[in-house]
Amino acid sequence: MDNETYADRDAEFVAGSYAWQHTFSEILGVLAKRGLVVESLREYPVITWKAFEFMVEDGDGMWRLPEGAGDIPLVFGLTVRRPGDRRPRAEGRELDHSVSQVQRLGT
């Protein structure tokens with residue numbers, strides 16, 4: 001049981017926690033199995049919350065690993081489309097999917 005949240009580390013509650021790790025090959029494999037076309041895959045070295053105590057906030061309110069730790073991806077974004085869907089992507093309206101959203105596509 002967890003008794004801490006990234007939103008309020010001093011919050012008093014007890015909650016269960018469940019997590020699944022999915023590899024890029026698993027996620028992209030599900031998309032391919034469903035026949036979707038990956039138009040872009042982006043990785044980002046920042047996130048919008050302080051996931052770990054050692055993370056540092058940058059000037060834009062984003063959280064990253066400390067200097068010297070390297071820029072490893074903390075989150076990623078995908079843009080996919082159905083085959084034959086030739087509608088142009090709206091500028092600035094790309095869909096970023098989290099792992100949990102991609103998981104709903106099934107395996």
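**A first walk through the model**

Visitor: Which residue in E4 is the bridge partner of Glu57?
Guide: We're looking at a predicted model: local features need pLDDT of at least 70, side-chain atom pairs count only at pLDDT 80 or more, and totals for chains, interfaces and linings use all residues. Residues are numbered from 1 along each chain as its sequence is written, and side-chain values use heavy atoms, with hydrogens and water left out. E3 and strand E4 (residues 63-64) run antiparallel, joined by two bridges. Over in E4, Glu57 has as its bridge partner Trp63.

Visitor: In what order do the strands of the open sheet stand?
Guide: Strands pair if DSSP finds at least two bridges between them. E2 (46-47) and E3 each have a single partner strand, so they stand at the edges, with one side of each left without a neighbour in the sheet. The pairing is antiparallel, and the order is E2-E4-E3.

Visitor: How do the elements run from the N terminus on?
Guide: Helices (H or I, at least four residues) and strands (E, at least two) are DSSP runs, numbered from the N terminus. The protein has two helices and five strands. Lined up from the N terminus, the elements read α-β-β-β-β-β-α.

Visitor: Which element has the lowest mean pLDDT?
Guide: pLDDT is the predictor's confidence in each residue, from 0 to 100. Its mean over the protein is 77, and 75% of the residues reach 70 or more. Strand E3 (residues 56-57) has the highest mean of the elements, 94, while the lowest, 40, belongs to helix H2 (residues 99-103).

Visitor: And what about residues 90-107: how many contacts does this stretch have beyond near neighbours in sequence?
Guide: A contact means heavy atoms within 4.5 Å. The pLDDT is below 50 over residues 90-107. Beyond near neighbours in sequence, the number of contacts this stretch has in the model is 31.

Visitor: Why do the buried residues of H1 sit on the same side?
Guide: "Buried" means under 20% relative accessible area, "exposed" over 50%, and "partly exposed" in between (1.4 Å probe, protein chains only). In H1 (residues 24-33), the buried ones are Ile27, Val30 and Leu31. They're on the same side because, going by the directions from the helix axis to the C-beta atoms, they cover an arc of only 100°.

Visitor: Which residues are exposed on the other side of H1?
Guide: Glu26, also in H1, isn't on that list, because at 32% relative accessibility it counts as partly exposed. The exposed residues on the other side are Ser25, Ala32 and Lys33.

Visitor: Is Arg42 buried or exposed?
Guide: Arg42 lies in strand E1 (residues 37-44). Its side chain makes polar contacts (N or O atoms within 3.5 Å, one able to donate a hydrogen and the other to accept it; residues adjacent in sequence count only if both atoms are side-chain atoms). One goes to the side chain of Tyr44, at 2.8 Å, and another to that of Thr79, at 3.4 Å. With a relative accessible area of 19%, Arg42 is buried.

Visitor: How many residues of strand E5 are buried?
Guide: E5 (residues 75-81) pairs with E1 in the antiparallel sense, over seven bridges. In that pairing, Thr79 of E5 stands opposite Ser40. E5 is largely enclosed by the rest of the structure, because its buried residues number five of the seven.

Visitor: How far apart in space are Pro83 and Leu36?
Guide: Pro83 sits in the loop between E5 and H2. It counts as exposed, at 54% relative accessibility, yet it touches Gly35, Leu36 and Val37, not counting residues up to four places away in sequence. Gly35, just after H1, takes a positive phi of about 80°. Pro83 and Leu36 are 47 residues apart in sequence, and their C-alpha to C-alpha distance is 6.2 Å.

Visitor: What percentage of the 107 residues in the protein is buried?
Guide: The protein exposes about 8300 Å², with carbon and sulfur atoms supplying 52% of it. Of the contacts with a separation of 6 or more, 57% come from residues 24 or more positions apart. As for buried residues, they make up 17%.

Conventions:
Areas by Shrake-Rupley, 256 points an atom, 1.4 Å probe, with all protein chains shown as cover.
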